[in-house]
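Subject: Handover of a structure

Dear colleague,

Please find the structure below, handed over for your work. A summary of what was found in it follows.

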Amino acid sequence: MSKHHSYELSEHPEVQWALDLLKPDPTHESSMLSKYSPEIALMLSGFAIPSFTNIYNNKPFYAGIQRHIMFVAGGYVLSQFVKKLVDNYQAERDTKLRDYIIRHPELFPEPGNALFFILN
């Protein structure tokens with residue numbers, strides 16, 4: 001849970017089903033790719049930028065290895081910042097949705113049991 005919605009207060013039990021949809025699934029585990037994709041992408045681009053600069057300047061791609069190390073480290077730091085920014089954005093969005101549902105329960109009637117038939 002994030003800092004924005006650590007507990008649930010609802011004065012409207014008729015919209016509890018909608019609020020339950022916004023709660024994170026405790027059994028969900030993200031894949032390795034989705035967990036570490038910002039780090040991988042930004043660290044690889046941190047290695048690629050000095051390499052392409054060296055190639056453009058007719059130097060060996062590995063010349064100035066300290067620049068490669070600094071850019072990879074900078075890519076890691078930037079990836080942590082981006083992940084935190086995305087998490088805070090998603091938590092704030094969920095908080096606004098939750099607040100809207102609580103303030104306007106008349107817009108969220110509980111769905112009935114609909115049965116759909118496939119017509120041939």
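Read along the sequence, the chain follows the pattern α-α-α, with three helices and zero strands in the protein. Please note that this is a predicted model, and that the values given here are computed from it.

Overall features

The protein has 120 residues, of which 15% are buried. Its accessible surface comes to about 9,800 Å², and carbon and sulfur atoms account for 65% of that area. Among contacts between residues at least 6 apart in sequence, 62% join residues that are at least 24 apart.

Salt bridges

A search of the whole structure finds five salt bridges. Three of them are described here, beginning with the pair E39 and K83.

The closest N and O atoms of E39 and K83 are 3.1 Å apart. E39 belongs to helix α2 and K83 to helix α3 (residues 65–103), so this salt bridge ties together parts that are 44 residues apart in sequence. The two partners may also be described by their accessibility: E39 is buried, with a relative accessible area of 7%, whereas K83 is partly exposed at 26%.

The side chains of R93 and D94 also meet in a salt bridge, at 3.4 Å from N to O. Here R93 is partly exposed, its relative accessible area being 38%. D94, at 15% relative accessibility, counts as buried because the cut-off for that class is under 20%.

A further salt bridge joins the side chains of K23 and D20, with an N to O distance of 3.6 Å. K23 is partly exposed, with a relative accessible area of 36%, and D20 is likewise partly exposed, with 39%.

Nonpolar surface patch

Which residues form a nonpolar patch on the surface? They are M32, L33, Y36, I40 and L44, and together they have about 550 Å² of accessible area. One of them, M32, lies in helix α2, which covers residues 32–56. Is M32 buried or exposed? M32 counts as exposed because its relative accessibility is 57%, and the cut-off for exposed residues is over 50%. Helix α2 therefore holds both the exposed M32 of this patch and the buried E39 of the salt bridge with K83.

With kind regards

Terms used
Residues are numbered from 1 along each chain as its sequence is written. This is a predicted model: local features need pLDDT of at least 70, side-chain atom pairs count only at pLDDT 80 or more; totals for chains, interfaces and linings use all residues. Side-chain values use heavy atoms; hydrogens and water are left out. Patches are made of residues with over 30% relative accessible area and no salt bridge: like charges are joined within 9 Å, nonpolar side chains (Val, Leu, Ile, Met, Phe, Trp, Tyr) within 5 Å. Accessible areas come from the Shrake-Rupley method with a 1.4 Å probe; for residues, only the protein chains shown count as cover. A salt bridge is a side-chain nitrogen of Lys or Arg within 4 Å of a carboxyl oxygen of Asp or Glu. Helices (H or I, at least four residues) and strands (E, at least two) are DSSP runs, numbered from the N terminus. Buried means under 20% relative accessible area, exposed over 50%, partly exposed in between (1.4 Å probe, protein chains only). Contact means heavy atoms within 4.5 Å.
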